[in-house]
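Biologist: Please go through this model with me, starting from the charged side chains and ending with the fold.

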Amino acid sequence: MTLVLFCRELIPTLVHRPGDWTAAEIVLSPNGRYLYATNRSPVDNLASYDTLTIFELRADGGLNTVNSPKYVNLGGLGPRHFALSPKTADEPAGKYLAVALERSNEVVILEVDQEKQDEMKEVARLKDVDQPTCIQWLP
């Protein structure tokens, strides 16, 4: 499968905090209906937490701006890389999403709702991880 992104319009992410918000990683959900992206607050105007932004995709592949984006509070700062868990004998691909939070020295694990894949809840948090920048699920 090939993913091609064309940015035709600027979609505001978080308007409650001024500055240049940035993203580090984007991933397509396993069902292909959602686009996940990290959302980092400006270095010169840090928020109390950063988010994972969830965009719903239309049938033509464009962003559905009526029902999205949704935001998941990551409870930490500096999301760099994130990865969906691989398929195992007991679990489907993408059951979990792990996010490296570089600025707050944490890794957060979210469980992804398998029906819609646009709802997530925190199930674990690893603290005192020295500036994590990459996630790799091991078999």
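**Salt bridges and cores**

Modeller: Lys-70, Lys-116, Asp-118 and Glu-119 form a network joined by salt bridges (a side-chain nitrogen of Lys or Arg within 4 Å of a carboxyl oxygen of Asp or Glu). This is a predicted model, in which local features need pLDDT of at least 70 and side-chain atom pairs count only at pLDDT 80 or more, while totals for chains, interfaces and linings use all residues. Residues are numbered from 1 along each chain as its sequence is written, and side-chain values use heavy atoms, leaving out hydrogens and water.

Biologist: How far apart are the closest N and O atoms of Asp-118 and Lys-70?

Modeller: Asp-118 sits in the loop between β8 and β9 (120-127), and Lys-70 in strand β5 (residues 70-73), 48 residues away. Strands here are DSSP runs of E with at least two residues, helices runs of H or I with at least four, numbered from the N terminus. The closest N and O atoms of this salt bridge are separated by 2.8 Å.

Biologist: Is Asp-118 buried or exposed?

Modeller: Buried means under 20% relative accessible area, exposed over 50%, and partly exposed in between, with a 1.4 Å probe and protein chains only. Its partner Lys-70, at 27%, is partly exposed. Asp-118 has a relative accessibility of 7%, so Asp-118 counts as buried.

Biologist: Which residue forms a salt bridge with Arg-33?

Modeller: Arg-33 lies in the loop between β1 and β2, and its partner lies in strand β3, so the pair ties together parts 23 residues apart in sequence. Arg-33 is partly exposed at 37% relative accessible area, whereas the partner is buried at 17%. With the closest N and O atoms 3.9 Å apart, the partner is Glu-56.

Biologist: What is the relative accessible area of Glu-106, which pairs with Arg-125?

Modeller: The closest N and O atoms of Glu-106 and Arg-125 are 3.3 Å apart. Glu-106 belongs to strand β8 and Arg-125 to strand β9, so the salt bridge ties together parts 19 residues apart in sequence. Arg-125 is partly exposed at 22%. Glu-106 is buried, with a relative accessible area of 5%.

Biologist: How many salt bridges does a search of the whole structure find?

Modeller: Side chains of opposite charge can pair when their charged atoms come close. The search of the whole structure gives a total of 9.

Biologist: How many residues does the largest nonpolar core have?

Modeller: A nonpolar core is a set of buried Ala, Val, Leu, Ile, Met, Phe, Trp, Tyr and Cys residues joined through side-chain atoms within 4.5 Å. In the largest one, the residues with the most contacts inside the core are Tyr-36, Leu-52, Leu-97, Leu-110 and Met-120. At least two residues each come from β2, β3 (51-57), β6 (79-84), β7 (96-101) and β8 (106-112). The size of this largest core is 16 residues.

Biologist: How many residues are in the second, separate core?

Modeller: Its members include Tyr-96, Ala-100, Val-107 and Ile-135. The number of residues in this second core is 7.

Biologist: How many strands are there in the protein chain?

Modeller: The chain has 139 residues, of which 41% count as buried. Of its contacts (heavy atoms within 4.5 Å) with a separation of 6 or more, 46% join residues 24 or more positions apart. Read along the sequence, the pattern is β-β-β-β-β-β-β-β-β. With 0 helices, the count of strands is 9.
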